[in-house]
Amino acid sequence: MLHIYYGDMTDERYISVPDIYFNNTYEDSWITDELTSEMIKDVDKSDVIGANLIDSPFLGPIPPERLSGGVKTLILINNDPNHIFNASACGDNCAKWILEIAKTKDITIRLGYLMDFGDEPFEVKIANTNDIAHNLAELNEKVLINHLL
């Protein structure tokens with residue numbers, strides 16, 4: 001299940017700048033994982049050639065450290081269950097992947113904005129209030145009513 005904490009976070013497990021954290025902690029096996037390859041293809045429009053080589057149509061051959069902040073955050077969310085990541089580094093194009101990861105494991109992210117999770121039903125727990133939302137309208141209403149942003 002996806003747990004979202006809105007607003008400022010002080011939890012010691014919280015990583016506020018996932019981009020830098022990724023550059024210093026990722027493992028080669030994370031890059032060659034099938035889900036990672038799909039996320040990189042979708043979000044960055046790039047192909048994973050190997051653990052240390054991504055083919056970007058915009059940048060040419062790049063190492064994983066040159067991936068977008070959004071993809072780096074998704075990879076961390078999927079592979080590092082001991083931390084809470086600032087998913088505000090992700091754009092709305094990452095939302096479907098966050099929901100996909102949450103189908104197979106409990107994850108907690110922090111958001112500082114109302115991410116567009118799309119029109120399909122989903123289940124999200126708002127960590128600040130323990131409310132459950134089942135769609136985007138319900139999620140946004142609960143966030144705004146509780147003045148979480």
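Q: How do the residues lining the largest pocket divide into nonpolar, polar and charged?
A: Let's start with the pocket of this predicted model. Its lining includes M1, L2, F117, P121 and F122, and also K96, E100 and K103. Sorted by class, the lining of the largest pocket comes to 7 nonpolar, no polar and 5 charged residues.

Q: What is the volume of the largest pocket?
A: Among the residues around this pocket are L99, A102, E120 and E123. The space they help to line has a volume of about 210 Å³.

Q: Which helix gives the most to the lining of the largest pocket?
A: The lining includes K96, L99, E100 and A102. The top contributor spans residues 95–102 and supplies 4 residues. That helix is α5.

Q: Are α3 and α5 roughly parallel or antiparallel to each other?
A: Helix α3 covers residues 34–44, and its axis comes within 11 Å of the axis of α5. The two axes cross at roughly 165°, and an angle over 145 degrees counts as roughly antiparallel. The pair is therefore roughly antiparallel.

Q: Which residues of α5 meet α3?
A: On the α3 side, the contact uses L35, E38, M39, D42 and V43. By class, this contact has 5 nonpolar, no polar and 3 charged residues. The α5 partners are K96, W97 and I101.

Q: Is α4 roughly parallel or antiparallel to α5?
A: Helix α4 runs over residues 69–79, and its axis comes within 10 Å of that of α5. The axes cross at roughly 5°, and angles under 35 degrees count as roughly parallel. So α4 is, relative to α5, roughly parallel.

Q: By class, how many nonpolar, polar and charged residues does the contact of α4 with α5 have?
A: From α4 come L74, I77 and N78, while α5 brings W97, I98 and I101. Asn falls in the polar class. The contact has 5 nonpolar, 1 polar and no charged residues.

Q: What is the handedness of the crossing of α3 and α4?
A: These helices pack at an angle of about 160°, with their axes 10 Å apart. That angle makes α3 roughly antiparallel to α4. Their crossing is right-handed.

Q: Which residues of α4 make the contact with α3?
A: Helix α3 offers L35, T36, M39, I40, V43 and D44. By class, the contact of α3 with α4 has 7 nonpolar, 3 polar and 1 charged residues. Across from α3, the α4 residues are V71, L74, I75, N78 and N79.

Terms used. Residues numbered from 1 in each chain as written. Predicted model: local features only at pLDDT ≥ 70, side-chain atom pairs only at ≥ 80, totals over all residues. Heavy atoms only, no water. 1 Å grid on protein atoms, 1.4 Å probe; cavity = no way out; pocket = protein on both sides within 12 Å on 5 of 7 lines; lining within 4 Å. Points joined across faces, edges and corners; volume = space filled by probe spheres on them. Helix = DSSP H or I, 4+ residues; strand = E, 2+ residues; numbered from the N terminus. Axes fitted to C-alpha atoms, helices over the stretch in contact; angles between N-to-C directions. Parallel < 35°, antiparallel > 145°, perpendicular 65-115°, else oblique. Contact = heavy atoms within 4.5 Å. Left-handed = near helix turned anticlockwise from the far one by under 90°.
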